[in-house]
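Please read the following walk through the model with the sequence and the structure side by side, taking each region in turn.

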Amino acid sequence: MGAILTLVEPVVVINKLGTSFFDMALTQTVYNQSLKATAGNSDRAQALSSRFILIQSVLSSVAAMLSIIPLSRMADRHGPKVFLVASQMGSVLGMFTLVIFMYCEVPLEFLYLGSLLHGLSGGGPMFWAGVAALASLSSEQGKRTLKLNIVDFCFGVAGVVGGLLSGYLYQMGPSVLLLTAILVSVVALLYSVFALTDSRRSLSESMLMSAMMLFILGMVGAENVLQLYLLKPPLSWDSIWAGYGRAATSAMYLSSFIGVLGLFKVLGDTALTLLGIVSNCTEMAIMAFTVESWVYFLARGIMMFACVPMPTLRAMLSKNLHPQQYGRVSGLLQLVLAVTDVLSNVFFTSIYPLTLGWFSGFCFLLSCAISYISAVPIMYVNLKRTQRFCKQKAQFLRVM
C-alpha cells in the first residue's frame, strides 16, 4: 500500500482528464460569447477569442513566475508535494470562475481572474516541478529516465481519453462538462493531499490529515447552504425560527464535549471519531428530506456528536508526530484546512442553485457521502496500528 501511494501517475492522469474537460468548456464558452458580442460574425469572433486566449496565457505565465520563489521556499520546508497541491488548488478555484460566468451576469474579462488564480498558485510549471520531483524520489537512479517517460506516457493517454470524452459531455450540456471537469479535478487534488506520500511524511500523518480535509470538505459548505434551505418553502422559517436553528447548531459543541467526557475511556480515539462522523452524516441525510421543523430539530439531536471528529483527529495526529514537528505540521494543516473550507463553500454554493428545480436536498446527500469517505483513512490507520501491535506482541512471545 505504501509503495502505491508514492506513485504520481494517478495524479497526472486524473488531473489531465479534468483539465481536458475544462479546456473544452472554456474554449466553447469563450467562442460562443464572442459570437454573441460580434452579432454572429465568425471572423471577428475568432479574433476576439484569440485575443482572450493570448491575454489569459500571459496572465497565467507571469503570475506563475511570481509564485516560484514563495512556493519553492515552502517546498524546501514541507516537501515537493507543495507544488502539486498548490497548483491544483489554484486550478480548481479558477474553474469556479467559469461557473460564476455561466450563471451570473459578468463580463467575459471576469474569466481572467481564473487564469490569475491558477498562475499565482503555481500553474503548470509548478505542477510539473512537483510531478518530476516526486517521480524522481519514488524511483531508483538507474530507472529514473524510464520513470519520467512513463509519467509523460500516462499524460498523453489521459489527454487522448479526455479529448474524446469532452465533446460528448459538451453535447449533454456545457454545465455537465464543466461540473465533470471540476469533480475530476477535485478528485486529483484530494488524491494529492490525502493519499500521495513522499519521504518527509509518514503514512499515518497523511491519512489523518486526509480524513480531516474530507470531513471539512463535506460539512462546511453544506452547513452554509442549509441556512438558506431553511428560509425557503416548505419550511419558510422567519428570523425567530432561524435563531432557534442556529442555537441548536451551537448546542452541538456542548453535547459533543459531554459525549467525550462520558465515552472516551470506553471507546478511545478511533471509535469516538467514527461515532462523530456517523452522527454528522446521518443528520445530513435526514436534512435532505426535511419538510417540517420538528424533523430539523430531530436531525440536530442525532448530530449531538458532530464536533467530536476534528479535535480528536488533531489529537491522534499529534500522537504520531515528534514534538519538533508540531509547529510545521500544525501550520501546514491549518493552511490546507483553510483552503478546503473555501473549496467546500464554493463547491456547495455552486451546486445548490442547480438542484433547486429537481431536488434541493441533493447537496446534503452529497455532503453525507463525502464525509463518510473520511472514515476510510481513519480505519486504515487503526488497522495498521493494530497489525503493528499484534506483530510486536508475537515477536515478544517468541522471545519469551
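In this predicted model, five helices each supply at least two residues to the lining of the largest pocket, namely helix H1 (9–37), helix H2 (42–78), helix H3 (81–103), helix H4 (112–120) and helix H5 (123–137). Among these contributors, H3 provides the largest share of that lining, with seven residues. The largest pocket is lined by 29 residues altogether, and those that lie nearest its centre are Thr19, Asp23, Ser60, Ser91 and His118. Its volume comes to about 630 Å³, and when the residues of its lining are divided by class, 11 are nonpolar, 16 are polar and two are charged.

Pockets of this kind are found by a simple idea: rolling a probe the size of a water molecule over the atoms shows where empty space is left. The second largest pocket has a volume of about 470 Å³, and it is lined by 17 residues, of which Phe215, Val220, Tyr253, Ala306 and Cys307 lie nearest its centre. The elements that give two or more residues to this lining are helix H8 (203–229), helix H9 (239–287) and helix H11 (309–319), and H8 gives the most, with six residues. By class, the lining of the second largest pocket has 12 nonpolar, four polar and one charged residues.

One of the residues nearest the centre of the second largest pocket, Ala306, also appears among the contacts of serine 279, a residue whose place is in helix H9. Leaving aside residues up to four places away in sequence, serine 279 touches Ile302, Met303, Met304, Phe305 and Ala306. Is serine 279 buried or exposed? Because its relative accessibility is 5%, and the class of buried residues takes in values under 20%, serine 279 counts as buried.

Between the helices that line the two pockets, a further pair can be followed along the chain. Helix H6 (residues 144–172) and helix H7 (residues 174–195) pack with their axes 5 Å apart and at an angle of about 130 degrees, which means that H6 is oblique to H7. On the side of H6 the contact is made by Ser166, Leu169, Tyr170 and Met172, and on the side of H7 by Pro174, Val176, Leu177 and Thr180. The residues of this contact divide into six nonpolar and two polar, with no charged residue.

The loops deserve a separate look, and a general expectation helps in reading their backbone. Most residues other than glycine have a negative phi, and most peptide bonds are trans. In the loop between H1 and H2, alanine 39 has a phi near 55 degrees, a positive value in a residue other than glycine. With a relative accessibility of 74%, alanine 39 counts as exposed, because exposed residues are those over 50%.

The loop between H8 and H9 holds both proline 234 and serine 236. A cis peptide bond joins proline 233 and proline 234, with omega at about 10 degrees. Serine 236, although it is not a glycine, has a positive phi of about 50 degrees. What is the relative accessible area of serine 236? The value is 41%, and serine 236 is therefore partly exposed, whereas alanine 39, at 74%, counts as exposed.

Conventions
Residues are numbered from 1 along each chain as its sequence is written. This is a predicted model: local features need pLDDT of at least 70, side-chain atom pairs count only at pLDDT 80 or more; totals for chains, interfaces and linings use all residues. Side-chain values use heavy atoms; hydrogens and water are left out. Axes are lines fitted to C-alpha atoms, for helices over the stretch in contact, and angles run from 0 to 180 degrees between N-to-C directions. Helices (H or I, at least four residues) and strands (E, at least two) are DSSP runs, numbered from the N terminus. Angles under 35 degrees count as roughly parallel, over 145 as roughly antiparallel, 65 to 115 as roughly perpendicular and the rest as oblique. Contact means heavy atoms within 4.5 Å. Ala, Val, Leu, Ile, Met, Phe, Trp, Tyr, Cys and Pro count as nonpolar, Asp, Glu, Lys and Arg as charged, and the others, Gly among them, as polar. On a 1 Å grid over the protein atoms alone, a cavity is a set of points where a 1.4 Å probe fits but cannot get out, and a pocket is an open set with protein on both sides within 12 Å along at least five of seven lines; lining residues have an atom within 4 Å of a point. Grid points are joined across faces, edges and corners, and a volume is the space filled by probe spheres set on the points. Buried means under 20% relative accessible area, exposed over 50%, partly exposed in between (1.4 Å probe, protein chains only).
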